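Got the viewer open? Let's take a short walk through the pockets of this one, a stop at a time.

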Amino acid sequence: MDRPPVSSQVPVEAVEVAAYRIPTDAPEADGTFAWDATTLVVAHVRAGGEVGLGYTYATKAAATLVEDVLGPALISGDALATPHLWRAMLDQVRNLGRPGVASCAISALDVALWDLKARLLGLPLAALFGGGAREVEIYGSGGFTSYEDGRLAEQLSRWVRDLGCAEVKMKIGETPQRDLARVAAASEAVDGARLMVDANGAYGPKQALGLGTRLAELGVTWFEEPVSSDDLAGLSLVRERLPAPIEVAAGEYAYDPFHAARMVGAGAVDVLQLDATRCCGYTGFMKGAAVAEAHHVDVSAHTAPALHLPVCAALASMRHIEWFHDHARIEAMLFEGAPRPRRGVIAPDLSRTGHGLVFKHADAARFAL
């Protein structure tokens with residue numbers, strides 16, 4: 001396709017944001033929290049006749065922050081100068097507090113800016129990042145503590161059978177005995193696939209170590225957030241003492257690359273999880289991944305598989321993307337161009353510019369806040 005040359009500067013003309021509350025398809029819970037809906041905050045950034053799309057899974061307050069603080073700071077900025085715009089957004093929230101809601105709002109806009117830049121250049125975002133059509137492995141994730149054992153087994157086995165996942169993950173964290181019974185049932189259901197568990201920080205270090213020995217006997221290979229990710233000393237202790245082959249993973253609550261660097265530097269994880277909807281977007285994700293690679297630590301993308309695919313395809317240290325039940329369902333419902341797994345992998349669509357996603361405004365309207 002012939003395109004006119006892009007000028008050296010393309011000023012941002014408009015920033016738009018909206019929030020949506022999408023009910024879950026059943027009650028969901030993990031070891032420390034329960035929910036019945038997911039809030040999606042969607043941002044669009046316009047420049048040079050193109051529109052970039054970004055989003056985060058957060059709270060409606062993130063949309064307010066985009067509208068009142070971050071969006072105005074982007075107007076007239078150069079849409080091609082994504083690192084400078086990223087830094088400008090961080091500067092805007094200096095006195096508000098960056099971790100949490102502010103980082104999620106920045107994430108949505110940073111993703112939109114990278115999508116916009118690729119569209120302005122007429123490139124797929126995966127190609128701009130350097131990954132091309134590289135396939136990325138996924139693992140099925142859900143297995144909520146609110147599920148009865150039958151539903152748990154059906155969901156995990158379906159990911160193995162229908163999506164070709166070699167690994168699947170379930171939630172634990174209620175009580176050790178119930179956790180072990182559920183893991184034993186899940187292990188039978190997945191028929192040789194590797195089983196991962198996520199406690200969402202529900203246990204103390206000694207509890208996690210005691211439970212981990214039993215989990216290893218049941219074939220578990222991944223223990224996510226056995227203790228709170230705020231407790232780096234506790235995570236490090238568990239990581240050092242858990243029996244092989246269990247790996248400790250954490251990082252989904254790293255709201256910027258600086259937090260990720262502290263986690264890796266403390267020796268707290270075997271695998272660093274990063275979430276571009278939380279860690280200040282694609283820019284924060286790439287910075288965090290660079291730190292992990294420098295420490296010989298693999299990276300795994302936390303949730304939002306469609307959003308993560310372009311950047312994950314470009315990273316050598318990337319292990320896999322979480323095919324999280326809630327987000328995969330929402331992305332399939334509300335985003336044209338969301339990837340479909342085959343044989344346990346997803347791959348970028350290089351026939352589409354940007355990340356290839358288009359928000360379905362009409363379909364989402366019933367969920368608007």
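Start with the lining of the largest pocket, whose residues split into 10 nonpolar, 10 polar and 10 charged. Keep in mind as you click around that this is a predicted model.

Now select Phe 33, Trp 35, Tyr 57, Tyr 253 and Arg 278: of the 30 residues that line the largest pocket, these lie nearest its centre. To see where the lining comes from, colour β2 (34-47), α3 (101-121), β5 (167-171), β11 (318-324) and α12 (325-334), the elements that give two or more residues to it. Which of them gives the most? That's β2, with four residues. If your viewer can draw the space itself, look for a volume of about 670 Å³ in the largest pocket.

Next stop: the second largest pocket, with a volume of about 300 Å³. Select Trp 323, Ala 328, Arg 329, Ala 332 and Pro 341, which are the closest to its centre among the 15 residues of the lining.

Then highlight α5 (149-163) and α12, since each supplies at least two residues to the lining of this second pocket. How many come from α12? Five residues, and α12 gives the most here. Leave α12 highlighted for a moment: this helix also gives two or more residues to the lining of the largest pocket.

Last, colour the second lining by class. You should find nine nonpolar residues, one polar and five charged. Flip back to the largest pocket to set that beside its 10 nonpolar, 10 polar and 10 charged residues.

Notes. Residues numbered from 1 in each chain as written. Predicted model: local features only at pLDDT ≥ 70, side-chain atom pairs only at ≥ 80, totals over all residues. Heavy atoms only, no water. 1 Å grid on protein atoms, 1.4 Å probe; cavity = no way out; pocket = protein on both sides within 12 Å on 5 of 7 lines; lining within 4 Å. Points joined across faces, edges and corners; volume = space filled by probe spheres on them. Nonpolar A, V, L, I, M, F, W, Y, C, P; charged D, E, K, R; others polar.
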